[in-house]
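Open the model in a viewer and keep the sequence panel in sight. The stops below are meant to be followed in order.

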Amino acid sequence: MDQQYVNSISQEERGAVKNKLKIITLSGTESVTKNLTVYEYGEDIILVDCGVGFPDSDLYGVDVVIPDFTYILENSHRIRGLFVTHGHEDHLGAIPFLLNQLDVPIYTSRLVQGFLKERLSDKNFKHLAEKTRFTLLEPGTGTIQAGVFKITAFGVNHSVPNAMGFAIETPEGTVLHMADYKIDWTPVLDKPIDLNSIAKYGQQGVLCLLSDCLNVLTEGYSKSESSLSNTFTDLFESNPGRQMFITTISSNISRMSQIMTSALKHGRKVVLSGRSIEQSVKVARALGVIKFHDDLFIEEKEAGRFPQGDVVYIIAGCYGQPGSSLGRLSRGEHKEIVLEKDPIVIFSADPNPPGVDVAVERVMSAFTLFGAEVVYSRIQDNLHVSGHGTKGDLMTIASVVKPKYFIPIGGTITRMRAYTNMLGELGVSKDRVFECLEGDTVEFSSGRARKSGRLQTVPVYIDTAGSGSTINPVVIKDRDQLSSDGVFVVVIPSKDGNLLKDNVEVVTRGFIYVKASQELMDRSRKFVTKTLEKMSDKPLEWPAKKKRLESEIQDFLFKETRSSPLVIVHALNV
Ligand SMILES: [Zn+2]
């Protein structure tokens with residue numbers, strides 16, 4: 001826990017804390033992803049969602065970013081449960097990392113449970129699979145009591161089936177938590193959003209609405225997922241006999257279901273390519289969320305034996321991930337699939353997800369160079385509909401719920417402000433909207449709300465491919481320095497505890513081209529020798545000496561080249 005934050009609560013306030021509801025947007029209000037909200041009343045805490053974020057391209061070797069769990073772990077004895085709204089990575093992906101440190105009961109839908117159990121079967125998390133406690137919470141399963149909180153689920157629409165909102169009854173009033181949602185009257189695998197229940201809560205009085213705000217900048221109402229079914233039919237009809245790849249996000253079960261329906265109609269077998277897609281289809285089929293006969297599917301390794309016009313590949317990697325099935329295929333490095341002449345590659349995914357456009361472009365270019373036709377949203381309409389409500393959807397929900405206060409979530413700082421402005425059009429004054437940065441706390445007492453401090457949080461970097469452990473920010477800084485200015489290594493031979501300052505070796509990579517810079521290398525060596533001479537009369541221990549040398553060499557190299565390579569000094573016993 002942030003010490004400052006704790007200390008800022010006086011003894012008197014500590015007594016009064018029991019009578020206040022606190023909502024902490026611990027993570028997920030500034031960068032769309034890694035969602036995690038904390039609800040607190042007295043001694044009770046519940047958590048809603050616990051997702052991962054995706055690293056910027058300059059975070060070398062970082063696979064995912066997870067929320068800072070410090071506050072949660074320091075209050076672990078007060079946590080009554082984790083409630084999960086839907087099956088997207090940025091809402092559930094960090095749960096295994098939390099479970100590694102905290103045993104917390106999980107309340108969620110059958111589909112999310114299926115995804116999580118599949119995830120916990122991974123070798124890094126197997127020890128958690130048995131002991132994790134799941135309780136079913138879906139629309140119609142009743143109300144869960146967790147400490148003072150009473151939580152009821154209601155259905156919303158999104159790009160993964162069975163997405164939910166939560167009505168959270170607290171002693172201060174009812175809060176509606178509506179993470180990612182849209183209004184879809186003709187969804188593919190779901191029921192339409194339960195506007196009836198939402199309106200009932202509105203009539204009874206809602207203290208605060210936490211609402212998705214991601215697509216507030218898009219005017220009008222969102223399109224229905226089922227509006228895409230003709231798109232797939234057209235694509236199958238106009239490309240008979242052609243090798244066909246369709247990529248989408250692995251959790252978009254509805255989208256994949258539509259592709260499977262079209263494939264069945266047009267006599268193509270479905271090949272699921274990529275672990276994430278295989279896993280989510282496996283879970284959805286096992287739970288009966290999608291119902292197709294085994295006959296429709298063939299294994300990836302069998303697919304090469306079929307005429308390619310008789311199969312369709314649903315393939316992972318729509319965000320251009322280099323290690324994904326699609327990424328490997330684009331570079332001709334796929335072990336099972338061979339590209340035929342004139343294939344068609346269809347991107348049925350968000351055309352502009354933050355931070356991935358360069359990677360997507362790279363994959364598209366590789367396919368284009370090969371001679372494939374690449375089809376995506378910007379050149380063909382109706383390849384993707386968003387799972388997030390646009391301005392019309394968000395206005396409808398705000399008007400039906402008519403809460404006293406609003407907290408936009410799941411967006412960015414810009415989107416939060418746009419949401420506030422949208423509410424302004426509905427006559428909601430700014431003092432009723434709390435735009436919360438990550439760690440911000442809103443406190444509700446006697447029906448009134450105010451911001452009350454911020455927890456200092458730091459993003460936590462995870463290397464899932466390696467050890468699955470966290471990566472210290474110092475390592476990230478080193479990698480950044482290595483990538484921009486390279487490394488400069490100084491080796492000083494040492495005999496019987498004495499440094500042989502006249503035999504210094506220097507080696508460098510990624511800094512300067514050595515063959516063309518012999519003169520600088522010589523001067524560097526001399527500089528090290530001279531610095532060692534200067535230091536020889538000082539009784540410094542080796543670690544201190546090493547640190548000082550590294551810093552002086554760093555300064556020398558910067559003066560010479562205006563670059564700052566990572567400098568490493570090493571004493572070698574000879
Ligand atoms: Zn989502």
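The tour begins with the whole chain and then moves to selected strands, helices and one residue.

**Whole chain**

Show all of the chain first, and bear in mind that this is a predicted model. Along the principal axes, the C-alpha atoms fill a box of roughly 85 × 75 × 50 Å. Colour by secondary structure to see 18 helices and 27 strands. The chain has 574 residues, and 43% of them count as buried. Of the contacts between residues at least 6 apart in sequence, 73% join residues that are at least 24 apart.

**Strands β1, β20 and β21**

Select residues 21-27, which are strand β1, together with residues 440-445, which are strand β20. These two strands pair in the antiparallel sense, over five bridges. To find a place in this pairing, pick K22, which stands opposite E443 of β20.

Now add residues 448-454, strand β21. β20 pairs with β21 too, in the antiparallel sense and over five bridges. Here V442 can serve as a marker: its bridge partner in β21 is K451. Follow the backbone from β20 into β21 and you pass through a hairpin with two residues between the strands. Stop at S446 in the turn, where phi is positive, at about 50°.

**The sheet β4-β22-β23**

Which strands lie at the edges of the sheet β4-β22-β23? First note that this is an open sheet of three strands, in that order, with antiparallel pairing. The edges are β4 (64-66) and β23 (470-471), each of which pairs on one side only. Select residues 460-462 for β22, which shares three bridges with β4 in the antiparallel sense. Within that pairing, I66 stands opposite V460 of β22.

**Helices α9 and α10**

Two packed helices are described by the angle between their axes and the distance between the axes. Select α9 (residues 229-238) and α10 (residues 253-265), whose axes come within 9 Å and cross at roughly 40°. Because of that angle, α9 counts as oblique to α10. Their crossing is right-handed. Show side chains for S229, F232, T233 and F236 in α9, which meet Q258, I259 and S262 in α10. The residues of this contact comprise three nonpolar, four polar and no charged.

**Helices α6 and α11**

Next select α6 (residues 110-120) and α11 (residues 275-286). What angle do the axes of α6 and α11 make where they cross? They cross at roughly 135° and come within 9 Å, so α6 and α11 are oblique to each other. This crossing is right-handed. On the α6 side, the contact is made by L111, G114, F115 and E118; on the α11 side, by Q279, S280, V283, A284 and A286. By class, the contact of α6 with α11 has five nonpolar, three polar and one charged residues.

**Residue E169**

Finish at E169, in strand β10 (residues 164-170). How many other C-beta atoms lie within 10 Å of E169? There are 17, which is why E169 counts as partly exposed, given that a residue is buried at 20 or more and exposed at 12 or fewer. Leaving aside residues up to four places away in sequence, E169 touches F149, K150 and T174. As a last step, draw a distance from E169 to K402: their C-alpha atoms are separated by 16 Å, and the two residues are 233 residues apart along the chain.

Methods:
Residues numbered from 1 in each chain as written. Predicted model: local features only at pLDDT ≥ 70, side-chain atom pairs only at ≥ 80, totals over all residues. Pairing = 2+ DSSP bridges. Helix = DSSP H or I, 4+ residues; strand = E, 2+ residues; numbered from the N terminus. Contact = placed C-beta atoms within 7 Å. Axes fitted to C-alpha atoms, helices over the stretch in contact; angles between N-to-C directions. Parallel < 35°, antiparallel > 145°, perpendicular 65-115°, else oblique. Left-handed = near helix turned anticlockwise from the far one by under 90°. Nonpolar A, V, L, I, M, F, W, Y, C, P; charged D, E, K, R; others polar.
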